[in-house]
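Me: I'm new to this one and would like a close look at a single part of it. Could you pick a piece and walk me through how it is put together?

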Amino acid sequence: MQRILAQKKILLFVFLILGILATLSLKQLKFSFDFGDFFPEGDEDLTFYQDFIKDFGTDDNFLLIAIENQDSVFDEKFLTEFHQFSVDAKKFPYVTNSQSLTTLFYPLKSPIGYTRLPIIHLKDSTKYAADWKKIKADGLFINSLIAKDGNSLVLALETVDDLDYERSKELLNAVRSRLKEANFTTYHLLGRSFFYEALVEMEKRELQITTIAASILIVLILFLVYRSLTVIALSLLSVLLSLILFMGLLSAYNIQLNALAAFYPILILIVGTSDVIHIIDDYLGKIKKGFEQEIAMQMTLKEVGVSTLLTSLTTSIGFASLLTSKSTIVSSFGVNASLGVLIAFITTIFFTCPLLLVINKKYLLPTNVNSNKWQLGLQATNRFTKKNPRSILFGSLFFGIICIAGISNINTNYQIKNSFPLNSDIAHDFEFFQHHYSGFRPLEVAVITKNGYKITDFEIAQEIEKVVQEMKAIPVIQSVSSANAFYKALHKANHLNKSAFFKLPNKNKEFELYKKEVKKIARRQFSKFVNTDETKSRITSKVLDVGLDTISKVYKDLNAFILTATDTSKVKFRLTGTGILLDKNSIYVRESLINGLLIGSLLVALIMVILFKNLKLVVISLLPNILPLLFAAALLGFLDIPLEATISVVFAIVFGIAVDDTIHFLGRFKLSRTNGLSKEEALAITFAETGRALVITTLTLFFGFMVLLFSINQPSVTIGLLVSVTLLAALIVDLLLLPVLIRKLL
C-alpha cells in the first residue's frame, strides 16, 4: 500500500480520467419500469404464463382512456366528438385495435341474415334514453366501457406487446394531442404505457432530488463536525466521484435503472461518506498528535483501513444477499448496490487517501473546534455501561421480546396503488378506474381441454360457464369475459336482442349452429379467446386492488370451486396472468428475505472469524446486529406496513450497514488489546477514538435516509423511515450492549 500511495499523482490522474469518461457516459443512462421485473423467477406459474401468452398475448397490452362529461355522456355533441376520437385512435402508433360503445354494435338475426344495431344511436338524440336503459339492462358494458353513473365513456386501445418507455411516450403524446384537439379536458388514463411513462418520470425525478439532497446533507454534517472547507470539499468530491463512477459503469454495461434507482445516490453518497469519515477522522487525529502526513496515512490505513475494507465487504454482502430474491428488480438492485459499495471503498482508498497526502496539512486541520464534548459524552457512555450491565442486558432482552410481538403482526396485504407517486396524475387516474370501472389488476383463467375434447364442444362451454358465473358472483372480480360471450351474443341476436337471452342455449343443436356462425362473422375476435387447435382458451377479468390478503382468499375460494364444481376429467382450469404473478412474488418475499439474511450472516461470521480469530468475538459481533433486524421487522408490524418486494431491501440495508459499526468498534478494541492494554483501557480508547466516528457516520446515515421522507414514492418514504430509525437503534445497541458483552464474555 505504501508503494501504491507513493504514486499518488498518477492515481489522482487515473481517477480524473475515469471520472471524465463516466460523466460523459451518463447521457446514455436508461430508465425502465416493468411489472414483469417483479415476477418470481423460476416459479412454475411464471413458466406456465410465459407459455400461455404464446397463444393469447400478454394481458397488460392495453390503454384505457376514460373521458368524462359533466352531467351525462348522452349528449349529441359529446358523443359525436367521442366517436370521431374513437375512429381516429386506430391510427395511433402501436395500436392494434380499439373499441368503444360508439363503434360497437348488437348483432340481430333477420330474415336475410345478421344485421347490426348501434348500441348508441349517435345521430338520434331521442333514442338516448332508451339506449341507456338497454345498456343498463344488458350490463355487458357497465364498468368496462361506460361508468355505472353514465358520466364517462372508455375508449379501450389494444397495443403491441411489451411497449418500452420511448414507444409508450410516442403513443401517449399522440393520445394527448388528439384529446386536446377534441377539447376533452377531463380524462383519465390506465394501462401499461401510462404506468411506464409516469413511473420512469418518477424515477428520474427521484434520482435527481436524492442526489442533490444527500449532497447538501453531507456538506452540512461535515461542516458541523470539521469546520474545514478543505475537508468538506475533499469529502464531497470523493463521494460524488464514487457515484459518478458507479452510474457510469451502469451506463457502460447498458444496465437500466428501475424503481429502486432512487436509492443508489443515497447509498453510494452516504456509505462513501462513512468510509471517508473513518479515514479522515483517524488521519486528522494523528496529524494533531504531530505525525508527518505520510506516516499518519500509513498508520491510519493499518489501523482503520482494514476495518473499512471489512465493513465495505459486509455491507456488500448484505446487499448481495438480495440475490436470493425471486424478483428480478430486487436481485438486480442487490447486485448493483453491492458493486456500488465496493466502488465507494476503492475510491476512498485510491483517490481520497492520495488527495489527502497532496494537500498541505494546515488546510486540513479545523480551527477553533473543541472535541472535549465528544470525549466527555463518549466516556460517560462507557461508564454507564460499566455500572449498569444487568439493566442493559435485561433491557435488550425486553426490547427483543417487544420486537418479536411486532413481527407477529406483519401482513402482506399489499396494493398496487402503493407503487404510485403521491398526489400524482397516475394515482388519481388509478383511483378513478377503481371506483368507476373494474380497475387494472388482470386475472386470467387458462382453460385446457382433456381426453380429446375441444374448447368449442358444448360440454366444455358448459364447464366454462360454471367458472364464469362463479367469477361474476365475486364482487372484487369484474369485467369477466370468455369465448362463451360469442355464443351468448348470437343466442340473444336470435331472440330479438332481448337481454334475458344473453346466455348459453340449453340445447346442443342450437349451440352447434351458433358455433358455425361465430366462425363466419367473428373469427378474428374469437381467436383472441381460443387457440388454433381449439385445445386452449382463456377467461379474462379484472380484479379490484383490494389488497393481497383479500385477493389471496378470492384465489383460494375460486380454486376450491373449480376443483369441486367442474368436471376435471374433461377440462382443466388454472388461474394465471400478471396479477397472479405479482401477488405470488409478494408471498415469496418473506422466504427469500430470510434465506438471504441467513446466508449473509454466515458469510459475515466467516469474515469475523478471519478478522478476529476469536469465536467469542464473532458471537459478540453478531448478537447486537440481530436486534436491529428484529426492530426493522417489528416496525413493519406495529406501523401496519405490508411487506412487499421493494420494502424487503430494508433488511439488506440495515444488515449491511449496521454491522459496520460493530466491526469498527471491535476492530479498535482488538488492536488496543494486542498493543498490551487491559480490557477497560482498551474500551476507553475504543470509545475515545472510534466512538466519535461511529456517531458521526450513523448521524450521516440517519439524516441521509431521512431525505427519502420527502419522496413522492410511497415505498421510498417507508424505506427511508425504517432504515433511518433502525440504524439509529443499531448505534445505540452497539454503544450500550457491545461493551457489556465484551466484559461478560471475554
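**A helix, then a sheet**

Reply: Let's begin with helix α24, where 13 of the 16 residues are buried, so the rest of the structure largely encloses this helix. Keep in mind that this is a predicted model. Helix α24 covers residues 691–706, and from its first C-alpha to its last it reaches 22 Å, close to the 22 Å expected at 1.5 Å a residue. As a general point, an α-helix has 3.6 residues a turn, so residues three or four places apart point the same way.

Now for the part I'd like to spend time on, the sheet. Four strands make up an open sheet, and their order is β8-β9-β7-β10, with antiparallel pairing. At the edges sit β8 (477–481) and β10 (571–576), each of which pairs on one side only. Going from one strand to the next, the twist averages 25°.

Let's walk across, beginning at the β8 edge. Strand β8 is joined to β9 (residues 536–543) by three bridges, and the two run antiparallel. If you want a spot to find by eye, look for Ile477, whose bridge partner in β9 is Val543.

Next comes the pairing of β9 with β7, which is antiparallel too and extends over eight bridges. Here you can look for Ile448, which stands opposite Lys536 in β9.

Strand β7 itself deserves a pause. It spans residues 441–449, and eight of its nine residues are buried, so β7 is largely enclosed by the rest of the structure. For background, side chains in a regular strand alternate between the two faces of the sheet.

On to the other edge. Six bridges link β7 with β10, again in an antiparallel arrangement. A pair to look for here is Ala446 and Arg574, with Ala446 in place opposite Arg574 of β10.

Finally, two loop residues are worth a glance. Leu496 lies in the loop between α16 (484–493) and α17 (508–521). Its phi is positive, about 60°, although Leu496 is not a glycine. Leu496 counts as exposed because its relative accessibility is 66%, and the cut-off for exposed is over 50%.

The other one is Tyr94, in the loop between α4 (76–88) and β2 (95–99). Tyr94 also has a positive phi, near 70°, in a residue other than glycine. With a relative accessible area of 26%, Tyr94 is partly exposed, since buried would require under 20%.

Definitions and conventions:
Residues are numbered from 1 along each chain as its sequence is written. This is a predicted model: local features need pLDDT of at least 70, side-chain atom pairs count only at pLDDT 80 or more; totals for chains, interfaces and linings use all residues. Side-chain values use heavy atoms; hydrogens and water are left out. Two strands pair if DSSP finds at least two bridges between them. Axes are lines fitted to C-alpha atoms, for helices over the stretch in contact, and angles run from 0 to 180 degrees between N-to-C directions. The expected span of a helix is 1.5 Å times one less than its number of residues. Buried means under 20% relative accessible area, exposed over 50%, partly exposed in between (1.4 Å probe, protein chains only).
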